[in-house]
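Take a moment to turn the model around before reading on. The notes below walk through how its parts sit against each other.

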Amino acid sequence: MLTVASDIEVLARFGRALADPIRCRVLLALRDAPAYPADLADALGISRTRLSNHLACLRDCGMVVAVPDGRRTRYEIADERLGHALDDLRTAVVAVQTGRTCADAAEKGCC
């Protein structure tokens, strides 16, 4: 049964998806074009097993979808608006001074 997630749940899922650099690389690659896991693993220089785990996380977070294509499965961004959101976040963060962390980084383990 599908339910509508709250704004907080949606943002938490988006944050979880972006919390790992490999998942970020996967999302940026899929933003450019759909891809098959083997090709994506080769392009990113990671094992297929490791990629599979990250794709599962991104599927669970609702960021990517698996599209059957004959005997293969192609992955793509779940909604084109996610690609735009990634671009917006990337350009907004570029404007932040590099090497800076949150004031509470040591205590909270963030940044």
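Let's start with helix α2 (residues 21-32) and helix α4: their axes come within 10 Å and cross at roughly 75 degrees. Keep in mind that this is a predicted model. An angle from 65 to 115 degrees counts as roughly perpendicular, so α2 and α4 are roughly perpendicular to each other. Which residues meet here? On the α2 side you'll find I22, R23, V26 and L27, and they meet R50, L51, H54, L55, C57 and L58 in α4. Sorted by type, the residues of this contact come out as seven nonpolar, one polar and two charged.

Helix α4 (residues 48-60) also packs against helix α3 (residues 37-44). This time the angle is about 110 degrees, and the axes lie 9 Å apart. That makes α3 and α4 roughly perpendicular to each other as well. From α3, the contact is made by P37, A38, L40, A41, D42 and L44, while α4 brings in R48, L51 and L55. The split here is seven nonpolar, no polar and two charged. If you look back, L51 and L55 of α4 turn up in the contact with α2 and again in the contact with α3.

Here are the two helix pairs in one place:

| Helix pair | Angle | Axis distance | Residue types in the contact |
|---|---|---|---|
| α2 and α4 | roughly 75 degrees | within 10 Å | seven nonpolar, one polar, two charged |
| α3 and α4 | about 110 degrees | 9 Å | seven nonpolar, no polar, two charged |

Now for the strands. How do β1 and β2 pair? Strand β1 (residues 64-69) and strand β2 (residues 72-77) run antiparallel, joined over six bridges. Two residues sit between the strands of this hairpin, and G70 takes a positive phi near 65 degrees. You can also spot D69 standing opposite R72 in β2. In a regular strand, side chains alternate between the two faces of the sheet.

Stepping back, the protein chain has six helices and two strands. Reading from the N terminus, the order is α-α-α-α-β-β-α-α. The chain has 111 residues, and 24% of them are buried. What about contacts across the sequence? Counting contacts between residues at least 6 apart, 49% join residues at least 24 apart. As for the outside, the protein chain exposes about 7900 Å², with carbon and sulfur atoms supplying 54% of that area.

Methods
Residues numbered from 1 in each chain as written. Predicted model: local features only at pLDDT ≥ 70, side-chain atom pairs only at ≥ 80, totals over all residues. Heavy atoms only, no water. Pairing = 2+ DSSP bridges. Helix = DSSP H or I, 4+ residues; strand = E, 2+ residues; numbered from the N terminus. Axes fitted to C-alpha atoms, helices over the stretch in contact; angles between N-to-C directions. Parallel < 35°, antiparallel > 145°, perpendicular 65-115°, else oblique. Contact = heavy atoms within 4.5 Å. Nonpolar A, V, L, I, M, F, W, Y, C, P; charged D, E, K, R; others polar. Buried < 20%, exposed > 50% of the residue type's maximum accessible area, 1.4 Å probe, protein only. Areas by Shrake-Rupley, 256 points an atom, 1.4 Å probe, with all protein chains shown as cover.
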